Structures are given as structure tokens and as C-alpha cells.
Amino acid sequence: MVTYTVFPFKPSGVAPVFIAIDQDDDAAAAAEALNLLQDHASATRVTLWRDDEMVFEGLSKACLLKLAQGRSQDMCCPALSSATGVCPPGCRA
């Protein structure tokens, strides 16, 4: 087992909590990280780290739905611009 750290980010670009998980590999850890993202209703993206290496970054269902609808031009999820970006006021991702 490998210990990973999950950071769910709010639209402001802040990850107020982190979650340590143990999984067998990166794929299983990424799947768990996405499930954890759904448990954090105010989060818009999640990053997954193994030690000091980011191995996965995923968007919330709301962000993915906007992308699927072709609304990427009005997307403000920080994951779409940069890993440290902050959503502008009015973002409802």
C-alpha cells in the first residue's frame, strides 16, 4: 500500500483540508480522490499527491458537465487555468 494525500480545492483556490488515503496504485487512488471530491460539495477540483509528486488532478461533476455542454468559455474552475488559479466572483461551478 502507498499513502497518498488528497486536496479538495474550493473555487477560491484554497484547499482548507487534506485527506490521507492508502491505496495499491495511482489509478485506485485517483478513483478514491474523485469520490472524495463529490463528498466536498463546495470543492471544484481535487489534486492527488504521492510524496511530493502530483499524480492526478480532477474536476468536480459540475465543472465536467459545463465542459461537456461546450461552456468552457465561461468556465472559471481554477483547474482549467492553472493549479494555483482562483475563480473570479460569480463562479457557480
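Two strands count as paired if DSSP finds at least two bridges between them. The exercises below apply this to a predicted model.

**Exercise 1. Decide whether E1 and E3 pair, and in which sense.**

Step 1. Count the bridges: 5 of them join E1 to E3.
Step 2. Apply the cut-off. At least two bridges are needed, so E1 and E3 pair.
Step 3. Read the direction. The two strands run antiparallel.
Step 4. Pick out one bridge. Pro8 has Val46 in E3 as its bridge partner.

**Exercise 2. Lay out the sheet and find its edge strands.**

Step 1. Start with the inventory. The protein has 3 helices and 4 strands. Along the sequence they follow the pattern β-β-α-β-β-α-α.
Step 2. Order the strands. The 4 strands form an open sheet, E2-E1-E3-E4, with antiparallel pairing.
Step 3. Find the edges. E2 (19-23) and E4 (53-59) each pair on one side only.
Step 4. Add the twist. Neighbouring strands are turned by 25 degrees against each other on average, direction ignored.
Step 5. Place the helix. H1 (residues 26-39) packs on the sheet and touches E1 (2-9), E2, E3 and E4. The direction of H1 makes about 145 degrees with that of E3.

**Exercise 3. Trace the E3 and E4 hairpin from its bridges to its loop.**

Step 1. Establish the pairing. E3 (residues 45-50) and E4 pair in the antiparallel sense over 6 bridges.
Step 2. Match residues across the strands. Arg45 stands opposite Leu59. Val46 has Gly58 as its bridge partner in E4. Trp49 has Met54.
Step 3. Use Val46 as a link. Val46 is the bridge partner of Pro8 and also of Gly58.
Step 4. Go to the turn. The hairpin has 2 residues between its strands. Asp51 sits in this loop between E3 and E4.
Step 5. Check the backbone of Asp51. Its phi is positive, about 55 degrees, although Asp51 is not a glycine. Most residues other than glycine have a negative phi.
Step 6. Check exposure. The cut-off for exposed is over 50% relative accessible area. Asp51 has 70% relative accessibility, so it counts as exposed.

**Exercise 4. Work out which elements build the largest nonpolar core.**

Step 1. Recall the general tendency. In soluble globular proteins, nonpolar side chains tend to be buried together.
Step 2. List the members. The largest nonpolar core has 11 residues in all: Tyr4, Val6, Ile21, Ala29, Ala30, Ala33, Leu36, Leu37, Ala43, Val46 and Leu48.
Step 3. Assign them to elements. E1, H1 and E3 each supply at least two residues. H1 gives the most, with 5 residues.
Step 4. Look at one member. Ala30 touches Leu48 and Phe56, not counting residues up to four places away in sequence.
Step 5. Set this against the whole protein. Of its 93 residues, 31% count as buried. The protein exposes about 5,300 Å², and carbon and sulfur atoms supply 54% of that area.

**Exercise 5. Classify Gln23 and Glu57 as buried, partly exposed or exposed, then find a polar side-chain partner for each.**

Step 1. Set the limits. Buried means under 20% relative accessible area, and partly exposed lies between that and the exposed limit of over 50%.
Step 2. Classify Gln23. Gln23 lies in strand E2. Its relative accessible area is 18%, so Gln23 is buried.
Step 3. See what surrounds Gln23. Leaving out residues up to four places away in sequence, Gln23 touches Met1, Val2, Tyr4, Ala28, Ala29 and Glu32.
Step 4. Find the polar partner. The side chains of Gln23 and Glu32 share a polar contact of 2.5 Å.
Step 5. Classify Glu57. Glu57 lies in strand E4. With a relative accessible area of 30%, Glu57 is therefore partly exposed.
Step 6. Find its partner. The side chain of Glu57 makes a polar contact of 2.7 Å with the side chain of Arg45.
Step 7. Relate Glu57 to a residue elsewhere in the sequence. Glu57 and Leu34 are 23 residues apart in sequence, yet their C-alpha atoms are 9.0 Å apart in space.

**Exercise 6. State what share of contacts joins residues at least 24 apart.**

Step 1. Choose the set: contacts between residues at least 6 apart in sequence.
Step 2. Take the share. Of these contacts, 39% join residues at least 24 apart.

Note on methods. Residues are numbered from 1 along each chain as its sequence is written. This is a predicted model: local features need pLDDT of at least 70, side-chain atom pairs count only at pLDDT 80 or more; totals for chains, interfaces and linings use all residues. Side-chain values use heavy atoms; hydrogens and water are left out. Axes are lines fitted to C-alpha atoms, for helices over the stretch in contact, and angles run from 0 to 180 degrees between N-to-C directions. Contact means heavy atoms within 4.5 Å. A nonpolar core is a set of buried Ala, Val, Leu, Ile, Met, Phe, Trp, Tyr and Cys residues joined through side-chain atoms within 4.5 Å. Buried means under 20% relative accessible area, exposed over 50%, partly exposed in between (1.4 Å probe, protein chains only). Accessible areas come from the Shrake-Rupley method with a 1.4 Å probe; for residues, only the protein chains shown count as cover. A polar contact is a pair of N or O atoms within 3.5 Å; within protein, one must be able to donate a hydrogen and the other to accept it, and residues adjacent in sequence count only if both atoms are side-chain atoms.
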